[in-house]
Structures are given as C-alpha cells and as structure tokens.
Amino acid sequence: MDLEAVEQALRTAVLEAGARVLERLLESVGVGRRDTKVFCPRCAAAMESRGTCAKNLLSVLGWVRFSRSRYVCPRCQAARFPGDEALGMVNTSRSPGVQRLEARFGAKETFKEVADDLGLAAGIAVSAKDAERVAEEIGHAVEQWVQRECAEQRRADPVLPDGPPVETLYVEFDGTGIPMVPAELAGRKGKQPDGSAKTREVKLGCVFTQIACDDAGRPIRDPASTTFVGAIESAEQFGWRIYGEARRRGMGGAGQVVTITDGAEWARNLAVTHFPHAEHIVDFYHAAEHVTRLVKLLYERNPKFIDAQRERWTTDLYEGRVQNVIAQASALLPKPRDVMKDARKEIAYLAKNKDRMKYDQYRARRLFIGSGVIEAGCKHLIGHRLKQSGMEWTLRGANAIIALRCTIFSRRFEDFWEQRLAPAG
Ligand SMILES: [Zn+2]
C-alpha cells in the first residue's frame, strides 16, 4: 500500500468534512434576525435588512462558503455585515487561523517559502503575494499595538511589571542597514561610490535584566529576559520607542540602569535624552577596534611595533586608562596629512567617549561591558530575514516584518494575538 497517498487522501477528506461543519457554524452566526437594531456607522440611521450575501473564506480547513445577512443604510447606502463583525472577519477573506499562520511563517521565511510550506504542511493554498499582504497587515497591527503600549508608558506613572524589582536593567541599541527598493532611497546619501544609498538603517533596541553573577564574578543575563523593539525611523522616534520599552520592563523600579551602545553620536544623544540617570557604557569591543585602527595609522611606517602597541593600549583601555592612550597617541601623530587626519578622528572618538570607557569600574561593579546582545539581535532578528541576497524592501513592508519579528523574539506574539480584537482605548 502507498502509505503516503493514503494519509494524504485521508487528510484531504477530513479537512473537507471539517470545512462543511465550519460552513454551517459560520452561517448560523451570519444569518438571521438580530435582536438589536443595526445602525449606519456614517449617518447613524437605522439600517434595513437586504437579505443574504455569500462570502468565501480561506480557513485552516480549506475554502468555505457561507451566507450572511446584509444591512444597507436607506440614506447613504452604506453596507454592514453584522455576522462578519461578530466574527472579527470584516474586509478579509482569510480566517484568523490562516492569518496567524501567514504572519508567523512570513516573519520567518520568504513569502514564496510561506506559500510552499503552508501548502505542503497544512494543505492551505495561498500565493506568495497573499502571504506578503497578510503578513504586512498583521505586522502593521502589531506596530499599532506596540505604539499604544508605548504611549501608555509615556503618559502614566510607570506601571511596574509583576515579580520582584529588577536589580540591573540593561538597554542596548544599534543600527543596521537593510536593502530597499530604489523608490525608498531617492535623494538619500549612502556609501555607494557615487554617493547614493542602497540601504536604510533599522534601529534596533533590546532590554534585558541581570540579577546574578557566575562563580567567577561575571554578570549573567537573566534567561528569557530579553525583549526587542525596532523600526526604520528617525532617532527621535526610536528614542521614544526604546524608552517606552524600558519603562514597560520596570525601569522605574530598577536598582540601576545601564545603556550600552557603540558610542555613535545619535546613540549618545538618545542616551542623554531618555536615559539621563543611566550608566552609559561604550561597547568595549567597539572601543578596542578604534584603538586597533589608531595603532595601525600611527605605526604605518613601523608595522613591526603594531602588535605590541595594540596589546599595551588595549590593556590600558580594559583597565580604565583610556587617558593614557589618548595622551600617548596624540604625541605620536604622523606627518602625512591624510593619515594624521584619520588618526585624529580615532583619537577624537576616544576623547568624546572617555567618560563611557571606565571599564575597570564597570568590571568591579560586575556589569556587562559588551553590546553582544544587540549585535546578535541585528544579525539574527534583522539580518536573517531582511538582508538575504536579492531582497529589496519597501518601508511599510520592512517595518511590518520588523514589528512581527521583534514581537516574536520577545515572546509576545500570543499576547498581541489575544488582544488584537479588543477595542482600542
Ligand atoms: Zn448612512
């Protein structure tokens, strides 16, 4: 016997039978006299019943077709389907089950792969275009939900999360470019040879907590405490986003707050604006990279000294003596103008950030000094889905998928899904 043929045929038959049951259920909701009067949403007139009208709906059991009552406004001709409203199915021909699958799969893989996988694994036939449209719609709804929460955090006294107060709350943020369609890049400056841009920057932030250290005194991140927020947006908009998330996570009751960034100007400004009481640390590995670049510039003519000097200065940096590096490097500035200019830039980076490079103190206080969590986030949360070769995103499409992925990586998609039909306000 061809077992696979049998199991597939049985699945098809079972889904078919289920679909017929679902049709009867839907029809019982959609048809019949309402106890309450139906009013026009535009002009508030009482609407008149105008018989029934069939609707096709793609469910996890396949396509179903059912009738539901139609009401029309005698004044302005607006139409309503109270049955669709009761089911949360207004203006859509995809059931909640199908919408959830398309959104979750679409957050994970290309829309072509979503179409293939849903067909293969669930017997649900959708096109890549349809998967894209639905994932975008749900992602957009996720974004609205996130924005509502964020606005609440800005307005109210902080509502502290359940559980014991947070000892140390970390906030990290960074930027990473994703490829965009040409229309989204018009007039933008970038790193292409002709000065144009191929990408736009996603700003990604994360919040996590630390309550303990390991036996060697190294800080340990609380398992499953990391949540993410992000979007392609201005630094100002993103500032409110990450601020709202930190408040939601209990910043108001935290023993101490630490921000870790790469020391870029927008990140410094954001930290000053939204986290003025936090300890702002520049990621040690970024600082060390700048020291390495500096050493290479200063010793261009004497490369045999590069390794030893890099080691000395990296140790200085690690032990909180960035001032030494700045003073010694300034005395070693090379003659050639362009090299001198580049070396000065590296020194200026260290000088500007020296108050955020007290690594000896941070280590004594058992704090993280690296921004590995957000860098991993940029790579996995953003890179894996949004930076595949040949991809080009629209702003709306990218932000929808970013919203979906942030919510899924933060283990909050189910929270969103439960609340998505709740009335706003
Ligand atoms: Zn009307």
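**Exercise 1. Work out whether Ala278 is buried or exposed, then describe its surroundings.**

*Solution.* Start with the number: Ala278 has a relative accessible area of 17%. The cut-off for buried is under 20%, so Ala278 counts as buried. Keep in mind as you go that you're looking at a predicted model.

Next, place the residue. Ala278 sits in the loop between H7 and E10. Leaving out residues up to four places away in sequence, its contacts are Val257, Val258 and Thr259.

Finally, try a distance across the model. Ser49 is 229 residues from Ala278 along the chain, and 61 Å separates their C-alpha atoms.

**Exercise 2. Find which residues of helix H7 are buried, and say how they are arranged around the helix.**

*Solution.* Step one is the list: in H7, residues 265-274, the buried ones are Ala267, Arg268, Leu270, Ala271 and His274. Step two is the direction they point in: these residues cover an arc of only 165 degrees around the axis, so they sit on the same side of H7. The general idea helps here: an α-helix has 3.6 residues a turn, so residues three or four places apart point the same way.

Step three, flip to the other face. Turned away from the buried side are the exposed residues Glu265, Val272 and Thr273.

Step four, look for the packing partners. The buried residues of H7 pack against three strands and two helices by name: strand E4 (168-179), strand E9 (256-261), strand E10 (279-282), helix H6 (235-248) and helix H11 (337-353).

**Exercise 3. Do the same for helix H10: which residues are buried, and what covers them?**

*Solution.* H10 runs over residues 322-331, and its buried residues are Val322, Val325, Ile326 and Ala329. Look down the axis and you'll see them fall within an arc of 95 degrees, so they line one face of the helix. As for the cover, it includes helix H8 (284-298), helix H9 (306-318) and H11.

H11 gives us one more residue to try. Val339 lies in that helix, and a relative accessible area of 9% makes Val339 buried. Not counting residues up to four places away in sequence, Val339 touches Leu297, Glu300 and Pro334. For a distance, take Ile178: it is 161 residues from Val339 along the chain, with 31 Å between the two C-alpha atoms.

**Exercise 4. Identify what coordinates the zinc ion, and explain why the arrangement is tetrahedral.**

*Solution.* First, the donors. Cys40, Cys43, Cys73 and Cys76 each coordinate the zinc ion through SG, at 2.2 to 2.3 Å.

Second, the geometry. The 4 donor atoms subtend angles of 100 to 128 degrees around the zinc ion. Four donors count as tetrahedral if all angles lie between 85 and 135 degrees, so this arrangement is tetrahedral.

Third, the pattern in the sequence. Along the chain, the donors follow the spacing C-x2-C-x29-C-x2-C. Cys40 is in the loop between helix H1 (3-30) and strand E1 (48-59), while Cys73 is in the loop between strand E2 (62-72) and strand E3 (79-80), so this pair ties together parts that are 33 residues apart in sequence.

Fourth, check the burial. Cys40 counts as buried at 4% relative accessibility, and Cys73 is buried at 0%.

**Exercise 5. Say where Gln77 and Arg366 lie, and what stands out about the phi of each.**

*Solution.* Begin with the background: most residues other than glycine have a negative phi. Now compare. Gln77 isn't a glycine, yet its phi is positive, about 70 degrees; Gln77 is found in the loop between E2 and E3. Arg366 isn't a glycine either, and has a positive phi of about 60 degrees. Arg366 belongs to the loop between helix H12 (359-364) and helix H13 (372-386), where it is partly exposed, with a relative accessible area of 40%.

**Exercise 6. Step back and decide why the chain counts as more spread out than a compact globule.**

*Solution.* Take stock of the parts: the chain has 15 helices and 10 strands. Its radius of gyration is 28 Å, well over the 22 Å that the globule rule gives for 425 residues, so the chain is more spread out than a compact globule. The C-alpha trace spans about 90 × 55 × 50 Å along its principal axes.

Then look at burial and contacts. Of the 425 residues, 44% are buried. Among contacts with a separation of 6 or more, 69% come from residues 24 or more positions apart. Last, the surface: the accessible total is about 22800 Å², with 52% belonging to carbon and sulfur atoms.

Definitions and conventions. Residues are numbered from 1 along each chain as its sequence is written. This is a predicted model: local features need pLDDT of at least 70, side-chain atom pairs count only at pLDDT 80 or more; totals for chains, interfaces and linings use all residues. Side-chain values use heavy atoms; hydrogens and water are left out. Donors are N, O and S atoms within 2.8 Å of the metal (3.2 Å for Na, K and Ca); water is not among the atoms, so sites may look incomplete. Four donors count as tetrahedral if all angles lie between 85 and 135 degrees; four count as square planar and six as octahedral if opposite donors are over 155 degrees apart and all others between 65 and 115; anything else is irregular. Helices (H or I, at least four residues) and strands (E, at least two) are DSSP runs, numbered from the N terminus. Buried means under 20% relative accessible area, exposed over 50%, partly exposed in between (1.4 Å probe, protein chains only). The radius of gyration is taken over C-alpha atoms; the globule rule is 2.2 Å times the number of residues to the power 0.38. Contact means heavy atoms within 4.5 Å. Accessible areas come from the Shrake-Rupley method with a 1.4 Å probe; for residues, only the protein chains shown count as cover. The arc is that of the directions from the helix axis to the C-beta atoms.
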